[in-house]
Amino acid sequence: FASGGQPAQLYIMQKDKIAASKGTVVLASKFIIFQVTVTLYSLVLALVQLKTLLSASAQVSTFVFIGLTINTVGLTTLILIALNPEKLKRIIHYIIHVLTVVRLIKDEAGKDEKVDLFIEEYLEGVNQLKEDLPLTLYMFGLSVLQLTAFFSITYFVYRALGLSGISAFRIISLQSMLYMAVSFVPIPGTVGASEAGFA
């Protein structure tokens with residue numbers, strides 16, 4: 001279920017007789033909830049553990065701050081989709097136009113069309129989430145539990161190896177910051193980046 005697995009999930013949904021349009025909205029909704037949750041979760045823990053983060057090496061803290069910044073920009077974009085999709089489209093179309101002028105993008109019209117489709121799909125997902133607030137809050141709560149369980153694995157391995165002295169809360173905090181730090185690294189599964197950050 002990592003990022004990039006959505007096309008496979010959509011394919012399985014279609015085999016289960018779920019229309020591609022509905023499947024896309026489901027995946028968009030899940031993505032929105034997860035991104036909002038993981039970004040807020042990590043930001044809160046980073047603020048609580050700010051002293052630890054600042055005392056880390058410059059390379060580590062720089063990576064964490066970059067990761068948090070990128071994910072916060074992503075979260076802001078998701079909020080903009082919900083609040084003002086037309087303004088967001090204009091901003092992204094302008095960026096695409098500039099990138100076309102400097103020859104980093106070739107098919108400007110095609111990219112604009114993809115952006116519009118992407119925003120429409122996510123807007124539909126956002127509208128579904130807004131319509132059923134109790135279910136949305138329930139999904140948010142489940143995502144918090146999911147992340148806590150995921151980030152706790154390291155603590156249980158640490159204890160299983162007979163080690164002690166560091167609290168579960170601190171390890172979970174560090175794991176969430178590591179997740180933020182490596183999530184923007186453009187490597188499938190963040191192979192190598194996760195291990196280096198963990199070390």
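**Note on helix contacts and salt bridges**

1. Thr39 lies in helix H2, which spans residues 20-48. The model discussed here is a predicted one. Thr39 has a relative accessible area of 0% and is therefore buried. Leaving aside residues up to four places away in sequence, Thr39 touches Asn71, Thr72, Leu75 and Met180.

2. The salt bridges deserve a separate point. How many salt bridges does the count come to? The count comes to 2. One of the two links the side chains of Glu86 and Lys89, with an N to O distance of 3.5 Å. Glu86 and Lys89 are 3 residues apart in helix H5 (residues 85-101), so about one helical turn separates them.

3. Is Lys89 buried or exposed? Lys89 counts as buried because its relative accessibility is 10%, and the cut-off for buried is under 20%. Its partner Glu86, by contrast, is partly exposed, with a relative accessible area of 45%.

4. Lys89 also forms a salt bridge with Glu120, in which the closest N and O atoms are 2.6 Å apart. Since Lys89 lies in helix H5 and Glu120 in helix H6, this pair ties together parts that are 31 residues apart in sequence. Glu120 has a relative accessibility of 37% and so counts as partly exposed. Through shared partners, the salt bridges join Glu86, Lys89 and Glu120 into one network. Lys89 is the residue found in both pairs, with Glu86 and with Glu120.

5. Helix H6 (residues 108-131), which holds Glu120, also meets helix H7 (residues 133-160). Two packed helices are described by the angle between their axes and by the distance between those axes. For H6 and H7, the axes come within 5 Å and cross at roughly 105°. The two helices are therefore roughly perpendicular to each other, because angles of 65 to 115 degrees fall into that class.

6. Which residues make the contact of H6 with H7? On the H6 side they are Leu129, Lys130 and Glu131, and on the H7 side Leu133, Thr136 and Met139. By character, the residues of this contact divide into 3 nonpolar, 1 polar and 2 charged. The nonpolar ones are Leu129, Leu133 and Met139, the polar one is Thr136, and the charged ones are Lys130 and Glu131.

Key
Residues are numbered from 1 along each chain as its sequence is written. This is a predicted model: local features need pLDDT of at least 70, side-chain atom pairs count only at pLDDT 80 or more; totals for chains, interfaces and linings use all residues. Side-chain values use heavy atoms; hydrogens and water are left out. Axes are lines fitted to C-alpha atoms, for helices over the stretch in contact, and angles run from 0 to 180 degrees between N-to-C directions. Helices (H or I, at least four residues) and strands (E, at least two) are DSSP runs, numbered from the N terminus. Angles under 35 degrees count as roughly parallel, over 145 as roughly antiparallel, 65 to 115 as roughly perpendicular and the rest as oblique. Contact means heavy atoms within 4.5 Å. A salt bridge is a side-chain nitrogen of Lys or Arg within 4 Å of a carboxyl oxygen of Asp or Glu. Buried means under 20% relative accessible area, exposed over 50%, partly exposed in between (1.4 Å probe, protein chains only).
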